[in-house]
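Me: Got a minute to go through the open and closed spaces in this model with me? I'd like to start with the pocket and then get to the ligand.

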Amino acid sequence: MFRKLHTRLIISHTLPILILLPAIAIVLIYLLGSRRTIGDLADQLAGQGTLITEIAPSDTWKNPTEAAQVIDQVKSNITSRIMLLDSTGHLLASSLDTDKDRIGQLIDFATVRQAVIGQTNWLVDYSPFMRTRVLDMATPLLDQNNTVLGIVRLSYDVTAIEQRTIPLTWLIGLTFVIGMALALLLGLGLARSLNAPLMHLTQAVSVLTPGTYVQDLPENGPYEVKTVARSYNSMAHRLHELELTRQQLIANIVHELGTPLGAIKAAVEALHNGAVSDQTLAGELALGMNCQIDQIGLLIDDLALLGESEIKPISLDREWCNLEDLIQVECHTYAYLVKQKRISLAYNIKADLPLILADKRRLTQILANLVHNAYKYSPPGSSITVSGDMLRELNETSSHVIIEVADTGPGISPEEQEKIFDLLYRSPRERNLHKGMGIGLAVSKRLAECHGGSLTVNSVFGQGSTFRLSLPLS
Ligand code: ADP
């Protein structure tokens with residue numbers, strides 16, 4: 001019931017009026033209107049009735065002539081019709097000439113019937129004899145034994161009093177109708193102002209598909225609706241960006257896998273076409289293939305980590321690692337490639353470098369990314385140096401092992417030095433010259449932080465870059 005916001009709003013606006021206004025009207029009519037005046041009047045009539053019973057001689061209640069005389073005495077002071085009846089309710093005398101024919105007849109009226117059994121009573125009803133609405137009141141005269149001796153009946157024309165409350169009733173009725181109409185209009189207006197943006201939102205959400213350009217929802221209306229529209233807009237933009245990222249990532253993967261696979265295929269074909277008989281050439285081709293496979297391996301490792309870290313925190317498989325060994329192995333892996341590009345690669349490791357508790361595979365991944373970048377971005381004739389050292393602090397617990405990969409390549413501009421660690425960021429300058437995915441540094445930084453360490457860069461544009469991996473000893 002009332003499932004629609006629209007209906008609920010209208011009801012919430014009209015309900016108070018539906019409940020409150022009639023209640024206020026009843027109270028107002030009672031306080032200002034006829035009910036109260038008539039109540040007061042009935043008390044007044046009761047007093048007059050009692051007064052008449054007191055001044056009337058005892059014969060009055062048996063003798064119509066006596067009764068008529070009593071009426072003559074009091075009628076000039078009393079504006080109501082006065083009737084005197086005997087103890088059984090038969091009319092003895094009336095102040096109205098039109099009642100003359102009814103003398104001696106039984107007055108069969110509710111108030112009189114009550115008076116016959118000894119009770120004073122009043123009611124408002126239509127009197128066919130007075131041809132108007134009257135307040136009818138009958139007071140019995142009782143002796144010591146509560147036996148009814150006679151009855152005074154007073155009938156007061158209340159038309160004027162009742163008519164006085166009619167304008168008030170109309171006024172209240174009119175206020176009610178206008179109030180209801182205003183509440184309905186207000187409820188409808190508010191419901192529409194809420195409904196329209198919500199419908200827009202529903203429509204926008206139903207057509208929201210990744211990749212399609214989304215138009216911003218207008219951010220207007222009440223605060224809550226504005227907030228929902230704003231959240232929708234930012235969600236739609238994020239979705240759009242994510243979709244673009246996804247597409248870019250797929251394109252990069254295809255490109256990054258295609259190149260080494262092409263090189264491997266060319267080497268295999270060369271071997272197949274006879275190069276296998278030339279031992280030196282075959283050895284060179286095998287080394288080349290191995291390097292390309294390493295590149296693919298590194299790419300797969302980076303991608304796997306990226307996918308994994310989106311779902312759950314990166315878990316480390318720690319063991320005691322000899323950094324000297326790790327650096328040496330990595331430099332040997334690149335020896336062939338750097339030689340091909342006429343780049344010199346050297347390492348410089350401090351003699352007493354301690355063992356470090358870390359995930360060997362992940363450290364190799366970081367190192368491979370850094371050396372690979374240095375090799376990739378440095379032009380022929382440059383040099384790369386990988387060094388390992390200790391950074392001892394006064395407090396032994398905060399000592400660090402520092403691995404630096406320095407190159408004399410193109411360097412990185414200061415404004416780009418922060419951005420290069422963002423996922424998918426590639427320098428626009430390098431983008432055209434070198435292939436890449438833009439994930440290597442982002443993944444390496446995450447891995448360094450997982451180890452409780454950091455990865456930073458220090459670079460002078462045009463002179464070279466030094467990437468610094470810092471790992472805590474403890
Ligand atoms: P990719 O190398 O696949 O583009 P990375 O995350 O490894 O992705 O590097 C991000 C960007 O940082 C590169 O596009 C490049 O502009 C810059 N960069 C990284 N290493 C070097 C370096 N040794 N010399 C100069 N620029 C570098």
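Me: What volume does the largest pocket have?
Reply: About 290 Å³. Keep in mind that this is a predicted model.

Me: How many residues line that pocket, and which lie nearest its centre?
Reply: The lining is made of 13 residues, and Leu242, Thr245, Arg246, Leu249 and Leu423 are the ones nearest the centre.

Me: Which helix has the largest share of the pocket lining?
Reply: That's α6, with 7 residues. Both α6 (223–272) and α7 (279–311) supply at least two residues each.

Me: And how does the pocket lining split by class?
Reply: There are 8 nonpolar, 2 polar and 3 charged residues in it.

Me: OK, switching to closed spaces. How many cavities of 30 Å³ or more are there?
Reply: The structure has 2 of them. The largest cavity holds about 610 Å³ of space. Its lining counts 36 residues, with Asn373, Lys376, Tyr377, Arg426 and Gly436 closest to the centre.

Me: Which elements build that lining?
Reply: α6, α7, α9, α10 (428–433), α11 and β12 each bring at least two residues. The largest share comes from α9, at 7 residues. By class, the cavity lining divides into 15 nonpolar, 12 polar and 9 charged.

Me: So where is the ligand?
Reply: The largest cavity is the space the ligand takes up.

Me: Which residues come nearest to the ligand?
Reply: Asn373, Tyr377, Arg426, Ser427 and Met437, out of 19 residues around it. Asn373, Tyr377 and Arg426 also appear among the residues closest to the cavity centre.

Me: What polar contacts does the ligand make?
Reply: Here are three. A polar side-chain atom of Tyr377 sits 2.6 Å from a ligand oxygen. On the side chain of Asp407, an N or O atom is 2.9 Å from a ligand nitrogen. Ser427 takes part through its backbone, with a polar atom 3.3 Å from a ligand oxygen.

Me: How much of the ligand's surface does the protein bury?
Reply: 97% of the 530 Å² that the ligand exposes when taken alone.

Me: Back to secondary structure: which element gives the most to the shell around the ligand?
Reply: α9 does, with 4 residues. At least two shell residues come from each of α9 (360–377), α11 (440–450) and β12 (464–472).

Me: Last one: what's the class make-up of that shell?
Reply: 9 nonpolar, 6 polar and 4 charged residues surround the ligand.

Definitions and conventions: Residues are numbered from 1 along each chain as its sequence is written. This is a predicted model: local features need pLDDT of at least 70, side-chain atom pairs count only at pLDDT 80 or more; totals for chains, interfaces and linings use all residues. Side-chain values use heavy atoms; hydrogens and water are left out. A residue is near a molecule or strand if one of its heavy atoms lies within 4 Å of it. A polar contact is a pair of N or O atoms within 3.5 Å; within protein, one must be able to donate a hydrogen and the other to accept it, and residues adjacent in sequence count only if both atoms are side-chain atoms. Accessible areas come from the Shrake-Rupley method with a 1.4 Å probe; for residues, only the protein chains shown count as cover. On a 1 Å grid over the protein atoms alone, a cavity is a set of points where a 1.4 Å probe fits but cannot get out, and a pocket is an open set with protein on both sides within 12 Å along at least five of seven lines; lining residues have an atom within 4 Å of a point. A molecule sits in a cavity or pocket if more than half of its atoms lie within 2 Å of its grid points. Ala, Val, Leu, Ile, Met, Phe, Trp, Tyr, Cys and Pro count as nonpolar, Asp, Glu, Lys and Arg as charged, and the others, Gly among them, as polar. Grid points are joined across faces, edges and corners, and a volume is the space filled by probe spheres set on the points.
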